[in-house]
Amino acid sequence: MRTVIVLAVALLVSACGSSTGAGGKLDVVAAENVYGDIAAQIGGPHVAVTSLLTSPTADPHLFEPGTSSDLALADAKVVLQNGLGYDAFMTRLEDAAPSKSRLVVTVADVLGVHGKDANPHLWYDVPRLDRIAGAISSAFSRADPRHAAGYRRGLARFEHSLRPLRREVSAIRTRFHGAPVAYTERVPGYLVAAAGLRNVAPGSFTRPIEEGTEPPPSAIAAMSDLVAQHRIRVLLYNAQAVSPITARLRSAALSAGIPVVPVTETLPPGLTFQQWQLKQARALAAALAKQ
């Protein structure tokens, strides 16, 4: 019954032909609040953004959308999603409420990142954030041409606001290029690469942890050796998806005097995207400076 209702709502929205919803705003649904915040900054007063994945404590890989998500997507004229299987629930929602007038921006397609082994945490790719933002702005202009100039101004403001983050990442690259670090999952992988750091954590450890399974004993031993032998300068730790294995590794690093930098997958409350990423980059720089 729920699917029938959602389909009816979607058909009604398509039939009306309007690019904006209640209050004259462009209805936007973002799978993750990371993209939702960027969209709200670019769209300003012309958009109404609903983010589905928002909890700073939940494991995004275990997220299951509810009825409210179905209805929000049925009304959306623009949908923003990550792709690469990270937010596979979006496919189910879109199939339940098809719409010919809906524009879907898949960030993995925008960046040309494909393959089952690709790192899906694309919002950490600091050098290419402008491409992500540009694709969002372009979709808004196509869906709502009346406010295209406003979306271009919003894009310019957002790109300008990224300068402190880009400077911080560049400074890390200059000062600590090639420094060995390790992460428990690939969450900050793109940031580590942009900063010129060398991740030495074995994929045989990080992949299973990311997938919610237990790494083989050999991988756990290899990761533990990195800490015990002080072969890394920093451990980057996914504070949002904790397991007994990663908790023990974190404790071991702290006991060994190796700085631990927590990272998260979703945007914490009270921060903009830029503030969040800059805060994490600065924490990484400070940790590297201790060694």
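How many bridges join β1 to β2, and do the two strands run parallel or antiparallel? Six bridges join them, and the strands run parallel. Keep in mind as we go that this is a predicted model.

Start at residue Leu26 in the picture: its bridge partner in β2 is Val47. To get from β1 to β2 the chain passes through α2, and this β-α-β crossover is right-handed. Helix α2 takes up residues 33–43 and lies across β1, β2 and β3, running at about 170° to β2.

On its other flank, β1 (residues 26–32) meets β3 (residues 78–81). Three bridges hold that parallel pair, and Ala30 has Leu80 as its bridge partner in β3. Put these strands together with β4 and you have an open sheet of four, in the order β2-β1-β3-β4, with parallel pairing. The edges belong to β2 (47–53) and β4 (103–106); each has a single partner strand, so one side of each is left without a neighbour in the sheet. From one strand to the next, the twist averages 15°. As a reminder, strands of a sheet pair through backbone hydrogen bonds, either parallel or antiparallel.

Follow the chain on from β3 and you come to the loop between β3 and α4, where Leu84 is found. Its phi is near 60°, a positive value in a residue other than glycine. Is Leu84 buried or exposed? Neither quite fits: its relative accessibility is 30%, so Leu84 counts as partly exposed.

Now for the aromatics. The count comes to seven aromatic pairs. One of them is Tyr86 with Trp123, an edge-to-face pair with 5.3 Å from centre to centre and 65° between the planes. This pair links distant parts of the chain: Tyr86 sits in the loop between β3 and α4 (89–96), and Trp123 in the loop between α5 (107–111) and α6 (129–143), 37 residues apart. Tyr86 and Trp123 are both buried.

Phe158 and Phe273 make another aromatic pair, this one tilted, with 6.5 Å centre to centre and 40° between the planes. Phe158 belongs to helix α7 (residues 148–161) and Phe273 to helix α13 (residues 273–289), so the pair ties together parts that are 115 residues apart in sequence. Phe158 and Phe273 are buried too. If you colour the aromatic residues, look for the cluster that ring pairs build out of Tyr35, Tyr86, Trp123, Tyr124, Phe158, Phe273 and Trp276.

Helix α13 leads us to another sheet. Here four strands form an open sheet in the order β6-β5-β7-β8, and the pairing is parallel. At the edges stand β6 (198–199) and β8 (260–263), each with a single partner strand, so one side of each is left without a neighbour in the sheet. Four bridges join β7 (residues 234–238) to β8, and these two run parallel. Within that pairing, Tyr237 stands opposite Pro262 in β8. Helix α13 packs on this sheet, touching β5 (180–183), β7 and β8, and its direction makes about 170° with that of β8.

Which residue lies over the face of Tyr237? That would be Arg250, at 5.7 Å from the ring centre. Tyr237 is also touched by Val242, which contacts Ala247 as well, leaving aside residues up to four places away in sequence. Val242 itself is in the loop between β7 and α12 (244–255). Its C-alpha atom is separated by 9.5 Å from that of Thr184, although the two residues are 58 residues apart along the chain.

Last, step back to the loop between α11 (217–228) and β7, where His230 lies. His230 has a positive phi of about 55° although it is not a glycine. With 46% relative accessibility, His230 counts as partly exposed.

Note on methods: Residues numbered from 1 in each chain as written. Predicted model: local features only at pLDDT ≥ 70, side-chain atom pairs only at ≥ 80, totals over all residues. Heavy atoms only, no water. Pairing = 2+ DSSP bridges. Axes fitted to C-alpha atoms, helices over the stretch in contact; angles between N-to-C directions. Contact = heavy atoms within 4.5 Å. Right-handed = clockwise from strand over helix to strand, strands pointing away. Phe/Tyr/Trp six-rings, centres within 6.5 Å; stacked < 30°, edge-to-face > 60°. Buried < 20%, exposed > 50% of the residue type's maximum accessible area, 1.4 Å probe, protein only. Lys NZ or Arg CZ within 6 Å of the ring centre and 35° of its normal.
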